[in-house]
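Let's take a walk through this structure together, one region at a time. Have the model open so you can follow along.

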Amino acid sequence: NSFLDNFDKIYTLQNKGVAFTSPQYLLQTLDSRFLDIVFKPVKQVLEQYGFGQTFIKELAYGIMRVNYGQTTEIGGFAGVVSLAGTGGTLWSVKGGNHSVAEALLKSSASQIIMGTKVKKIIRIES
């Protein structure tokens with residue numbers, strides 16, 4: 001199984017209402033390799049999985065710079081997630097991805113007051 005396939009398990013678990021007591025337990029449940037790569041730089045993780053120095057220096061390094069403003073010394077899990085975001089199955093929304101959040105906000109009928117601090121959030125049962 002690929003890292004991305006195993007990461008996708010989170011959506012099934014969320015739909016079932018599964019909760020985790022720690023981020024470590026979550027990562028280990030998705031894929032035991034995830035916990036291992038959290039504490040290693042992505043450069044080391046890529047080397048461990050057989051990626052060559054040209055890929056790491058020219059492609060992975062550039063992706064880490066663009067996505068996080070970091071080098072390949074960034075944590076392995078964040079780096080692998082960043083690389084996964086460069087695959088061919090990505091999508092975008094015409095007019096910008098931000099329009100998804102805007103449409104959700106409009107459909108929620110929430111009251112938005114700009115330029116103020118949120119002091120408290122309460123749930124009102126319907």
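A word on naming before we set off: helices here are DSSP runs of at least four residues, numbered from the N terminus. One more thing to keep in mind is that you're looking at a predicted model.

With that naming in hand, start towards the far end of the chain, where helix H8 covers 98-107. Ala-109 sits in the segment after this helix. What is the sign of phi at Ala-109? It's positive, about 60 degrees, even though this residue is not a glycine. That's worth a pause, as most residues other than glycine have a negative phi. Ala-109 also counts as exposed, because its relative accessibility is 70% and the cut-off for exposed is over 50%.

Now head for the inside. The largest nonpolar core is made of 18 residues. Those with the most contacts inside it are Phe-34, Ile-37, Val-42, Leu-46, Met-64, Val-80 and Leu-83. Which helices feed into this core with at least two residues each? They are H2 (9-15), H3 (23-30), H4 (32-38), H5 (42-48), H6 (53-68) and H7 (76-84). H6 gives the most, with 4 residues.

So let's stay with H6 for a bit. Its buried residues are Ile-56, Ala-60, Ile-63 and Met-64. An α-helix has 3.6 residues a turn, so residues three or four places apart point the same way. The buried residues of H6 pack against H5 and H7. Have a look at Ala-60 in particular, since H6 bends by about 30 degrees there. Just after H6 comes Gly-69, with a positive phi near 70 degrees.

Met-64 makes a good stop on this helix. Setting aside residues up to four places away in sequence, Met-64 touches Val-42, Gly-69, Gln-70, Thr-71, Thr-72, Ile-74, Gly-79, Ser-82 and Leu-83. Pick out Thr-72 from that list: you'll find it in the loop between H6 and H7. Is Thr-72 buried or exposed? It's buried, because its relative accessible area is 6%, and buried means under 20%. Besides Met-64, the residues that Thr-72 touches beyond four places in sequence include Pro-41, Val-42, Lys-43, Ile-56, Ala-60 and Tyr-61.

Next, step over to the loop between H4 and H5, where you'll meet Phe-39 and Lys-40. Phe-39 is exposed, because its relative accessibility comes to 65%. Phe-39 and Gly-76 are 37 residues apart in sequence, yet their C-alpha atoms are 6.8 Å apart in space. Gly-76 turns up again among the contacts of Lys-40. Leaving out neighbours within four places in sequence, the other residues in contact with Lys-40 are Val-45, Gln-48, Ile-74 and Gly-75. Asp-5, on the other hand, is 35 residues from Lys-40 along the chain, and 21 Å separates their C-alpha atoms.

Over in helix H3 you'll come across Leu-30. Leu-30 counts as buried, because its relative accessibility is 2%. Which residues is Leu-30 in contact with, leaving aside neighbours within four places in sequence? They are Asn-6, Phe-7, Lys-9, Ile-10 and Leu-13. Val-42 is 12 residues from Leu-30 in sequence, and the two are 19 Å apart, C-alpha to C-alpha.

The last stop is an open space. Rolling a probe the size of a water molecule over the atoms shows where empty space is left. How much space lies in the largest pocket? About 270 Å³. Its lining is formed by Ser-2, Phe-3, Leu-4, Val-45, Leu-46, Tyr-49, Phe-51, Phe-55, Val-80, Leu-83 and Ala-84. By type, 10 of these residues are nonpolar, 1 is polar and none is charged. H1 (3-7), H5 and H7 each supply at least two residues of the lining, and H7 gives the most, with 3. You've met some of these names already: Leu-46, Val-80 and Leu-83 are on the pocket lining and also among the core residues with the most contacts.

How values were computed. Residues are numbered from 1 along each chain as its sequence is written. This is a predicted model: local features need pLDDT of at least 70, side-chain atom pairs count only at pLDDT 80 or more; totals for chains, interfaces and linings use all residues. Side-chain values use heavy atoms; hydrogens and water are left out. A nonpolar core is a set of buried Ala, Val, Leu, Ile, Met, Phe, Trp, Tyr and Cys residues joined through side-chain atoms within 4.5 Å. Buried means under 20% relative accessible area, exposed over 50%, partly exposed in between (1.4 Å probe, protein chains only). Contact means heavy atoms within 4.5 Å. The bend at a residue is the angle between axes fitted to the seven residues ending there and the seven starting there. On a 1 Å grid over the protein atoms alone, a cavity is a set of points where a 1.4 Å probe fits but cannot get out, and a pocket is an open set with protein on both sides within 12 Å along at least five of seven lines; lining residues have an atom within 4 Å of a point. Grid points are joined across faces, edges and corners, and a volume is the space filled by probe spheres set on the points. Ala, Val, Leu, Ile, Met, Phe, Trp, Tyr, Cys and Pro count as nonpolar, Asp, Glu, Lys and Arg as charged, and the others, Gly among them, as polar.
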